[in-house]
Amino acid sequence: MEQQILEDPGRFRILTGDRPTGRLHLGHYFGTLHNRVRLQNLGAELFVIIADYQVLTDRDVADNLTEHVEELVLDHLAIGVDPERSTVFTHSAVPALNQLLLPFLSLVSVAELNRNPTVKDEIAHSRQSAVSGLMFTYPVHQAADILFCKANLVPVGQDQLPHLEITRTVARRFNDRYGSGATVFPEPDALLSEAPLLLGTDGTKMSKSRGNAIALAADADETARLLKGAKTDADRHIAYDPAGRPGVSSLLLLAALCQGRTPEEVAADIGSAGAAALKRTVTEAVNEYLAPIRSRRAEYAQDRTYLRRVLREGNERARAVADATLAEVRTAMNSLY
């Protein structure tokens, strides 16, 4: 797949995005964000959805939604997403996208939704006292996200493959049932992420909700404070051993990603200087790497009118695409009258 992208990036339309539930962090950046910019710069068409409706899949109330949406726009502009070349938009501003959910739901069974392993895991970690019906329709809503713009490539991790398979199923069944021999929707391929797993400062998965992440919006002092408290171990000799020394190894990996080196090379430089030297190295590497991103972010943050214009124009483009797709769907279903 990567070779195909390099040979002809213009044939790919990519859908990716995030829920606006808090500030994006270094795990997001090295996991997916920098790859979005790379694909955009190669010439692929990029749609970035800010999935504000999907905030409610695992919580009862969407808190601070306006602020979180604007922060996501800021993060994307700061890392290099170009609103002239890519489309950044929100769920709630594109009615036709959400209207696709209804016919798409008719194409999958309750049993298929029930056995989705990603949904099961999300239910287990839900913040809701009682799981809402939205959680079960979540994979089909994601199918609408992907298929409204007829995306043919979706960057995902292994845990998201079941969701993408639902999308492929919806596309295939719609084509079979309503296509009359034509292909209305592509069956999108997965662009599997090879992103390294960065642990949070407490030694568990870096997460917005766990308070263990280093946000892209964090300043140099906050970054230093967070990394100073990062979990390591008592062995003064610094070595890269992800299985045996996960905390130390995650810090080495973070420094290596920022410096364009290998974790082993970073470890060799530190040697037996201990955890304090490791944390200093990581702090310097992260702050140097993020400095231009933070500078751009601060500049964009001064002009909230521009942020809203980026979103308004992205919403307008997404609405035009969604309206055309919905009209095609209604025509295929003989419900355009």
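Which residues does Leu-254 touch, not counting residues up to four places away in sequence? In this predicted model, Leu-254 is in contact with Leu-26, Phe-30, Leu-198, Leu-227, Val-282 and Val-286. Leu-254 and its partner Leu-26 are also the residues with the most contacts inside the largest nonpolar core, a set of 55 residues. Several elements each supply at least two residues of this core, namely α2 (26-42), β2 (45-50), α3 (65-79), α10 (220-228), α11 (246-259), α12 (263-270), α13 (274-301) and α14. Of these, α11 gives the most, with 8 residues. A second core, separate from this one, has 35 residues, among them Phe-47, Leu-100, Val-154 and Phe-174. In soluble globular proteins, nonpolar side chains tend to be buried together.

Turning to the internal spaces, the model holds 2 cavities of 30 Å³ or more. The largest encloses about 110 Å³, and Leu-199, Gly-200, Thr-201, Ser-250 and Leu-251 lie nearest its centre among 14 lining residues. Helix α11 appears again here, giving the most to this lining with 4 residues. By class, the lining comprises 8 nonpolar, 5 polar and 1 charged residues.

The second largest cavity, of about 30 Å³, is lined by Val-73, His-76, Leu-77, Val-81, Pro-83, Val-88 and Val-310. Helix α3 provides the largest share of that lining, 3 residues.

Val-310 belongs to the buried residues of α14, which also include Leu-307, Leu-311, Gly-314 and Asn-315. This helix (residues 304-332) runs for 29 residues and reaches 42 Å from its first C-alpha to its last, close to the 42 Å expected. Just after α14, Asn-334 adopts a positive phi of about 55°.

Technical notes: Residues numbered from 1 in each chain as written. Predicted model: local features only at pLDDT ≥ 70, side-chain atom pairs only at ≥ 80, totals over all residues. Heavy atoms only, no water. Expected span 1.5 Å × (residues − 1). Buried < 20%, exposed > 50% of the residue type's maximum accessible area, 1.4 Å probe, protein only. Core = buried A, V, L, I, M, F, W, Y, C linked by side-chain atoms within 4.5 Å. Contact = heavy atoms within 4.5 Å. 1 Å grid on protein atoms, 1.4 Å probe; cavity = no way out; pocket = protein on both sides within 12 Å on 5 of 7 lines; lining within 4 Å. Points joined across faces, edges and corners; volume = space filled by probe spheres on them. Nonpolar A, V, L, I, M, F, W, Y, C, P; charged D, E, K, R; others polar.
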